[in-house]
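Subject: Structure handover

Hello,

Please find the structure below. My notes on it follow.

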Amino acid sequence: MNVTNKKSGEEFTRDELELLTSFAEHVAIVLQRNVLLSELEENRSIQERLTKKIIDAQEEERKRIALAIHDSVVQLIASTLLRLDACEAHLSGNDRARAELYKAKEVLDDSLGEMRGLISDLRPVLLDDLGLIPALRKTAEEWGKEMGITTEITLEGPHPDLPKSAETALFRIVQEALANVKNHAKATRMDLKITSADGRLEIKVKDNGVGFDFEKIIAKSLTSKNIGFESMQERAKMCEGSLEINSAPGKGTEVKVVVPL
Ligand SMILES: Nc1ncnc2c1ncn2[C@@H]1O[C@H](COP(=O)(O)OP(=O)(O)OP(=O)(O)O)[C@@H](O)[C@H]1O
Ligand SMILES: [Mg+2]
């Protein structure tokens, strides 16, 4: 059947018309599919840009809140403590008053500690001061002490040189992974392994806790308010990296993030 070089005025047969119609329909479907695919791609990139903006705005907001807490509540507690010290110096031999004053100072001291903890969660000062790897090590050490569970930290390879935004993203991923171990795992051991080699940085947070059914949790997360996993994924993507979560009931959990260097 030849439908391409008709002589002028020569009519198409019925079969030729059917063939041409079916060909046109196929072309239309392919074109429509391509349009849908490029719209999907565009929507995805808009969504990624929006998520990045939200995460950046969240970091800025956290810094602002940390500073506000530091400049208000922390200063007030610190100056109240100084006043109580002065007050103590003027107490003469009243044991009951001295004991009460001592208790009040203890409570304020604890509040100051809580506030400082809150500030360092909100704004990773350690990261600003020390850089990623030492900040991760210190965070994991302090986390281990607070949790009272065995914590093993392994570092392999040279300290990587990463942009600040990537360091923040990785720090937040580990922070979230540790928060999850604390809140859900009932673990007796946590391993943090950082390996920098062959142009990539790999960070693993592994626990020996209760684990979970990943498929079930992900299906549930579509309707729940939990955003831990989602924010970890987005942050990994923001530094061109990838994130894997391996878990099974009774088998513990491993969070692995890999970024190119
Ligand atoms: N290390 C872990 N061990 C056991 N279960 C975990 C662990 N990490 C996560 N999970 C399970 O996966 C769920 C989803 O975790 P995700 O971090 O997304 O949310 P969340 O911690 O519940 O809330 P959010 O992080 O938003 O405060 C948790 O509710 C918990 O059931
Ligand atoms: Mg979480």
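Of the 76 residues of helix 1, what number is buried? The number is 1, so helix 1 lies largely in the open. Please keep in mind throughout that this is a predicted model.

Some more on helix 1. It runs over residues 14–89, and at 1.5 Å a residue its expected span is 112 Å. The C-alpha atoms at its ends are 110 Å apart, which agrees with that expectation. Helix 1 also has a bend of about 30°, located at H70.

Next, the ligand. Around ligand 1 there are 16 residues, and the closest of them are N180, H184, A185, N226 and G228. Two elements give two or more residues to this shell: helix 5 (164–185) and helix 7 (228–238). Helix 5 provides the largest share, with 5 residues. By type, the shell around ligand 1 consists of 7 nonpolar residues, 8 polar ones and 1 charged one.

Helix 5 comes up again in the core. The largest nonpolar core has 28 residues, and the members that touch the most others are L136, L170, I173 and V174. At least two residues of this core come from each of helix 4 (132–147), helix 5, strand 2 (189–197), strand 3 (200–207), helix 7 and strand 5 (253–260). Helix 5 supplies the largest share of the core, 9 residues. For I173, the contacts beyond four places in sequence are M232, R235, A236 and V257.

Which residues is I245 in contact with, leaving aside its neighbours within four places in sequence? They are F214, F229, T253 and V255. I245 itself is part of strand 4, residues 242–247. It has 19 C-beta neighbours inside 10 Å; a residue is buried at 20 or more, so I245 counts as partly exposed. Its C-alpha atom is separated by 62 Å from that of G93, and the two residues are 152 apart along the chain.

Two loop residues have a backbone angle worth listing.

- K186 has a positive phi of about 50°, although it is not a glycine. It sits in the loop between helix 5 and strand 2. Because it has 13 C-beta neighbours inside 10 Å, K186 counts as partly exposed.
- E240 is not a glycine either, and its phi is positive, at about 60°. It belongs to the loop between helix 7 and strand 4. With 9 C-beta neighbours inside 10 Å, E240 counts as exposed.

Is L118, which lies in helix 2 (residues 95–122), buried, partly exposed or exposed? L118 has 16 C-beta neighbours inside 10 Å and therefore counts as partly exposed. L118 and A86 are 32 residues apart in sequence, and their C-alpha atoms are 28 Å apart in space.

To go back over the main points: helix 1 has 1 buried residue among its 76. Helix 5 gives the largest share of the shell around ligand 1, and the largest share of the largest nonpolar core also comes from helix 5.

Regards

Terms used: Residues numbered from 1 in each chain as written. Chains lettered and ligands numbered in written order. Predicted model: local features only at pLDDT ≥ 70, side-chain atom pairs only at ≥ 80, totals over all residues. Near = placed C-beta within 6 Å. Helix = DSSP H or I, 4+ residues; strand = E, 2+ residues; numbered from the N terminus. Nonpolar A, V, L, I, M, F, W, Y, C, P; charged D, E, K, R; others polar. Expected span 1.5 Å × (residues − 1). Bend = angle between axes of the 7 residues up to and from the residue. Buried ≥ 20, exposed ≤ 12 C-beta atoms within 10 Å, placed from the backbone. Core = buried A, V, L, I, M, F, W, Y, C linked by C-beta atoms within 7 Å. Contact = placed C-beta atoms within 7 Å.
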